[in-house]
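Thanks, everyone. Let me put the structure up, and then we can walk through it.

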Amino acid sequence: MKAEELREIQTPLKARYREDAEAALITLKAEGRLGEGVTCSVETARAMIEAGLHPATGGSGMHACSGDMLLQALVACAGVTLNAVATALELKIDDAVVRAEGDLDFRGTLGVAKEVPAGFRAIRLTFDIKGSLTEEQRATLIRLTERYCVVYQTLCKPPPVGVSAHWA
């Protein structure tokens, strides 16, 4: 996609959102259903994903791990954002690989050590980018990707998360 095509698509959206802030507020949703064994099936735009326990918690390795899915969502969002920023700024990228790694101490999720949190200790996001960009262009590309990547920003500045249960 070229910068002008992206602008053509986004300009009316931006104008609408400037005029009507409520129009920009959209609720994204995900739903899952418990499956056989210790699994939960989650529907995506393309396929049904069956998530299960990570092998470090007793899983078979045959199902998607939610922790992996979180990192995959970060990679997908960061990659799309990087691509959109490069397109909008007309920066020529020949190729790019986006990687995310996260460190987990499974004692937390298994309840083995109560002082250990059941979550990632650290997450690292890495971009391997090929292209003839100046240092200033590279810095701008990464700075704007960080700024506009929804998943990255959500992980860095977590919103309040509420939990409710409904019994049938």
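Let's begin with a question: is R124 buried, exposed or partly exposed? R124 is partly exposed, at a relative accessible area of 35%. Keep in mind that this is a predicted model.

Now, what does R124 pair with? One partner is E101. The two form a salt bridge, with the closest N and O atoms 3.2 Å apart. E101 sits in strand β4, residues 95–104, and R124 sits in strand β5, residues 120–130, so this salt bridge ties together parts that are 23 residues apart in sequence. E101 is also partly exposed, with a relative accessible area of 47%.

R124 has another partner, D103. Their side chains meet in a salt bridge, 2.8 Å from N to O. Again, the pair links distant parts of the chain: R124 in strand β5 and D103 in strand β4, 21 residues apart. D103 counts as partly exposed, at 32% relative accessibility. Put these together, and E101, D103 and R124 are linked in a network of salt bridges.

In general, side chains of opposite charge can pair when their charged atoms come close.

Next pair: D105 and R121. Their side chains meet in a salt bridge, at 3.0 Å from N to O. D105 lies in the loop between β4 and α3 (106–109), while R121 lies in strand β5, and 16 residues separate them. Look at the accessibility here. D105 is buried, with a relative accessible area of 14%. R121 is exposed, at 59%.

How many salt bridges does the structure hold? Seven.

On to the nonpolar side. Which residues make up the largest nonpolar core? There are twelve: C77, A78, L82, V85, A86, L91, V98, F127, L133, L141, L144 and C149. Helices α2 (66–88) and α4 (135–148) each supply at least two of them. The largest share comes from α2, with five residues. As a general point, nonpolar side chains tend to be buried together in soluble globular proteins.

Let me pick out one member of that core, V98. What does V98 contact, leaving aside its neighbours within four places in sequence? The list is V75, A78, G79, L125, T126 and F127. Two names there, A78 and F127, also belong to the core.

To recap: R124 joins E101 and D103 in a salt-bridge network. D105 pairs with R121. And the largest nonpolar core takes its largest share from α2. Happy to take questions.

Conventions: Residues are numbered from 1 along each chain as its sequence is written. This is a predicted model: local features need pLDDT of at least 70, side-chain atom pairs count only at pLDDT 80 or more; totals for chains, interfaces and linings use all residues. Side-chain values use heavy atoms; hydrogens and water are left out. A nonpolar core is a set of buried Ala, Val, Leu, Ile, Met, Phe, Trp, Tyr and Cys residues joined through side-chain atoms within 4.5 Å. Buried means under 20% relative accessible area, exposed over 50%, partly exposed in between (1.4 Å probe, protein chains only). Helices (H or I, at least four residues) and strands (E, at least two) are DSSP runs, numbered from the N terminus. Contact means heavy atoms within 4.5 Å. A salt bridge is a side-chain nitrogen of Lys or Arg within 4 Å of a carboxyl oxygen of Asp or Glu.
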